[in-house]
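Got a minute to look around a structure you haven't met before? Here's a short briefing to keep beside it as you go.

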Amino acid sequence: DSDMAKTVYSPGDVLTADDANDFCQEGEVTNSSLNTAAGQPGGAWQTFTPVLTTGTFTTKVGRYLQVGKTVDFLITLTRASGDSVATGLVVNLPVTAHADINTAQINVSLGDGLIIYAGAALVTTTNMTIYALEDAGTYIDTAALTNSIPFTWGVGDTVQIAGRYEAA
């Protein structure tokens, strides 16, 4: 109840079981209490339009949530007639990343109709270069995307990039 007075504890206070019960009830976390403003836990995701510095995709949808220095994002690119990945694919991040990009966790899916291919992203502080994963014999290697790698791209084919990283 928002009309209830909140108890304030000071260092050195001895808490009783009743104090702990009251505290738990006052600070109860519910879904509605996490429906907060952007930038707070439970906050709304923000939209952005991904910018491609190489390659072209007509439909570009981006969403992200930044809470403190943690950025979660999802980008979906959908190919239309005349689009090209012949020169590779470089996509901007929604928020500048920390210089230590080793903290990035990025998942890439390349969709050819109902078939999904795995991809990878090389991340800098401002963008990601997207690659297809390929079997290199005893290990997995990356291959630059082209109009025919990892498949012959057609209308409706997609690139989905999701990840988490530390903001600058």
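Set aside the neighbours within four places in sequence, and I106 is in contact with F73, A121, V123, M128, I161, A162 and G163. Keep in mind that this is a predicted model. I106 makes a handy starting point, and the bullets below work outwards from there.

**Around I106**

- You'll find I106 in strand 6.
- Is I106 buried or exposed? I106 has a relative accessible area of 18%, and buried means under 20%, so I106 counts as buried.
- Look across to L122 as well: 16 residues separate I106 and L122 along the chain, and their C-alpha atoms are 8.9 Å apart.

**The nonpolar core**

- The largest nonpolar core has 28 residues, and the members touching the most others are L89, V91, L110, M128, I130, V159 and I161.
- Which elements give two or more residues to this core? They are strand 4 (70-78), strand 6 (105-112), strand 8 (127-135) and strand 10 (158-166).
- Strand 4 is the top contributor to this core, with four residues.

**Aromatic pairs**

- How many aromatic pairs does a search of the whole structure find? The search turns up five.
- One of them is F73 with Y165, an edge-to-face pair with 5.9 Å from centre to centre and 65 degrees between the planes.
- F73 sits in strand 4 and Y165 in strand 10, so this pair ties together parts that are 92 residues apart in sequence.
- Both F73 and Y165 are buried.
- Y117 and F151 have ring centres 5.1 Å apart and planes at 40 degrees, so theirs is a tilted pair.
- That pair also links distant parts of the chain, with Y117 in strand 7 (residues 115-123) and F151 in the loop between strand 9 (140-144) and strand 10, 34 residues apart.
- The two partners differ in cover: Y117 is partly exposed, at 29% relative accessible area, whereas F151 is buried, at 5%.
- Y117 and F151 also belong to one aromatic cluster, together with F57 and W153.

**Around D72**

- D72 is another residue of strand 4.
- With a relative accessible area of 19%, D72 falls under the 20% cut-off and so counts as buried.
- What joins the side chains of D72 and R164? A polar contact of 2.7 Å does.
- Beyond the neighbours within four places in sequence, D72 is in contact with W45, R63, Y64, L65, G163 and R164.
- G163 turns up in the contacts of D72 and in those of I106 too.

**The whole chain**

- The secondary structure adds up to one helix and ten strands.
- Where does the helix come in the order of elements? Reading from the N terminus, the elements run α-β-β-β-β-β-β-β-β-β-β, so the helix leads and the strands follow.
- The chain has 168 residues, and 27% of them are buried.
- Take the contacts with a separation of 6 or more: 58% of them are between residues 24 or more positions apart.
- The chain exposes about 10,000 Å², with carbon and sulfur atoms supplying 54% of that area.

Notes:
Residues are numbered from 1 along each chain as its sequence is written. This is a predicted model: local features need pLDDT of at least 70, side-chain atom pairs count only at pLDDT 80 or more; totals for chains, interfaces and linings use all residues. Side-chain values use heavy atoms; hydrogens and water are left out. A nonpolar core is a set of buried Ala, Val, Leu, Ile, Met, Phe, Trp, Tyr and Cys residues joined through side-chain atoms within 4.5 Å. Buried means under 20% relative accessible area, exposed over 50%, partly exposed in between (1.4 Å probe, protein chains only). Rings of Phe, Tyr and Trp (its six-membered ring) pair if their centres lie within 6.5 Å; planes under 30 degrees apart count as stacked, over 60 as edge-to-face and the rest as tilted. Contact means heavy atoms within 4.5 Å. A polar contact is a pair of N or O atoms within 3.5 Å; within protein, one must be able to donate a hydrogen and the other to accept it, and residues adjacent in sequence count only if both atoms are side-chain atoms. Accessible areas come from the Shrake-Rupley method with a 1.4 Å probe; for residues, only the protein chains shown count as cover.
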